[in-house]
Amino acid sequence: MRKVRIGDFEASAIGLGGWQFGGKEWGWDSAHRAEDHRIIQRAIELGINFIDTAEGYSKGESEAIIGEALEGAARDQLFVATKLMPIMPTPGRIVRAADASRKRLRDECMDLYQIHWPNPVVPIGTQMKGMRMVREQGMARHLGVSNFSLSAWQKADRCLDGPVISNQVQYNLLRRGAEKLLPWAEANGRVVIAYSPLAQGMLTGKYSSDNAPGGCRKMNTAFTSAGIEAAQPTITALREIAQKHDATPSQIALAWLIHHPNVIAIPGARNVAQLEQNVAAGEINLSEDEFARLNEVSTTAGKGGLKTVPQFVGRMFTRRPAGAAAS
Ligand SMILES: NC(=O)c1ccc[n+]([C@@H]2O[C@H](COP(=O)([O-])OP(=O)(O)OC[C@H]3O[C@@H](n4cnc5c(N)ncnc54)[C@H](OP(=O)(O)O)[C@@H]3O)[C@@H](O)[C@H]2O)c1
């Protein structure tokens, strides 16, 4: 498994996404909790040392499940990242939220604390003051952001006394807007954490317009008829390359992502079998021809930009369909 340096830590280039744990937004029931524990424990056995979660996932349950599953684990060999839900992110609220997260995670000092979305109302300088307090009070070792444009990331960095080490953004073969962040990240020792690396399952090739998933994925335009059609050339190329590697399309989609320097991909898994498949993608080396082919075929489908402030505002103030929730 390739490693990516994040702050003072050598992280596995394939991490584990934690939005699925607790499963409220994905439509799994509470009986799934035992499988969540098995996924986390198996991930660690297989050499995954980077786990992502957020206070917003299943109303804090994802953090609590990770905390339970890691009880007794060598925490200094793991890097657990969580995120602040930035609703009125004043310094006091940020410190209280960080304290609650570390308690759910059963960790004195979290490895990475991130602002989940830009908040257009509270100035970034005020938010960074709160983030700095979290670090100074020993609640988190590193600070990061999520869904920030390059200029917003750089501004957050300037406001903080020390680097904003990472920006977690949607990045996959169907959404390549995050590539605008990569040169700066690489030149400055920062990391792009790629979320929805499988386009929420679309890049597995298993979904079609008469077989689209529900739950939070009803919000994902990748699963509309137009989205599914636009993805087909990319999925065909993934299938062909996968055959040569005796792999699956989703493994090739992950191998393509971590072919980029300073990128950690954090696929979520519904079960241990998916997790094992995702981890094995860390051993696949694409040839330069295969990499170039995927770049070329995905250019049209993947030209979508980064999700940033306007979409955040939209998500805050528009009604969501029943069953859908914030990511
Ligand atoms: N910062 C943010 O705003 C933000 C937003 C979204 C996600 N995230 C983070 O990123 C992580 C990953 O993103 P995501 O969950 O949105 O999408 P994803 O990782 O692209 O897709 C996950 C889903 O794909 C399917 N899948 C995964 N591995 C598979 C395999 N090997 N074979 C077949 N199907 C497979 C599973 O669902 P099915 O089996 O039901 O298809 C799984 O729930 C999250 O867990 C979360 O930690 C962050």
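Helices, as counted in this tour, are DSSP runs of H or I with at least four residues, numbered from the N terminus. The model on display is predicted.

**The whole chain**

Begin with the entire protein chain, coloured by secondary structure: eleven helices and ten strands should appear. The C-alpha trace spans about 50 × 40 × 40 Å along its principal axes. The radius of gyration is 18 Å, which agrees with the value near 20 Å that a compact globule of 327 residues would have. Of the contacts in the chain with a separation of 6 or more, 77% link residues 24 or more positions apart. Buried residues account for 47% of the 327 residues.

**The ligand and its shell**

Next, select the ligand together with the residues that surround it. The shell holds 28 residues, and Gly17, Trp19, Tyr195, Gly201 and Gly268 are the closest. Colouring the shell by residue class gives 17 polar, nine nonpolar and two charged residues. Which helix gives the most to this shell? It is helix 9, residues 272-280, with three residues.

**The N-terminal hairpin**

Move to residues 3-6 and 9-12, which are strand 1 and strand 2; these strands run antiparallel and are joined by four bridges. Arginine 5 has glutamate 10 in strand 2 as its bridge partner. The two strands form a hairpin with two residues between them, and glycine 7 in the turn has a positive phi of about 60 degrees.

**The parallel sheet**

Now display the open sheet of eight strands, which follows the order 3-4-5-6-7-8-9-10 with parallel pairing. Its edges are strand 3 (16-17) and strand 10 (263-265), each of which pairs on one side only. Strands of a sheet pair through backbone hydrogen bonds, either parallel or antiparallel.

Two pairs within the sheet merit a closer view:

- Strand 4 and strand 5 run parallel and are joined by three bridges; isoleucine 51 stands opposite valine 80 in strand 5.
- Strand 7 (residues 140-146) and strand 8 (residues 164-170) run parallel and are joined by four bridges; glycine 144 has serine 166 in strand 8 as its bridge partner.

Is strand 5 mostly covered or mostly uncovered? Strand 5 is mostly covered, since six of its six residues are buried.

**Helix 2 and its cover**

From strand 5, turn to helix 2 and select Ser62, Glu63, Ala64, Ile65, Ile66 and Ala69, which are buried. The elements that cover the buried residues of helix 2 include helix 1 (33-45), strand 4, strand 5 and helix 3.

**The largest nonpolar core**

Select the largest nonpolar core, a set of 87 residues in which Val192, Ala194, Ile264 and Ala265 touch the most other members. Helix 8, residues 249-258, supplies the largest share of this core, with seven residues. In soluble globular proteins, nonpolar side chains tend to be buried together.

Centre the view on alanine 194. Beyond its neighbours within four places in sequence, alanine 194 is in contact with Tyr171, Asn172, Ala178, Leu257, Val263, Ile264, Ala265 and Ile266. Of these partners, Ile264 and Ala265 are also named among the core members that touch the most others.

**Two loop residues with positive phi**

Most residues other than glycine have a negative phi. Two residues to select next depart from that pattern.

Lysine 59 has a positive phi near 50 degrees. Look for lysine 59 in the loop between strand 4 (50-52) and helix 2 (61-69). Its surroundings hold 14 other C-beta atoms within 10 Å, and lysine 59 is therefore partly exposed, as that count falls between the limits of 12 or fewer for exposed and 20 or more for buried.

Methionine 88, also not a glycine, has a positive phi of about 45 degrees. Methionine 88 lies in the loop between strand 5 (79-84) and helix 3 (91-104). Methionine 88 counts as exposed because it has 11 C-beta neighbours inside 10 Å.

**A final span**

End the tour at arginine 96, which is found in helix 3. Is arginine 96 buried or exposed? Arginine 96 is exposed, with 12 other C-beta atoms within 10 Å. Draw a distance from its C-alpha atom to that of phenylalanine 223: the two residues are 127 apart along the chain, and the separation is 37 Å.

Notes. Residues numbered from 1 in each chain as written. Predicted model: local features only at pLDDT ≥ 70, side-chain atom pairs only at ≥ 80, totals over all residues. Rg over C-alpha atoms; globule rule 2.2 N^0.38 Å. Contact = placed C-beta atoms within 7 Å. Near = placed C-beta within 6 Å. Nonpolar A, V, L, I, M, F, W, Y, C, P; charged D, E, K, R; others polar. Pairing = 2+ DSSP bridges. Core = buried A, V, L, I, M, F, W, Y, C linked by C-beta atoms within 7 Å.
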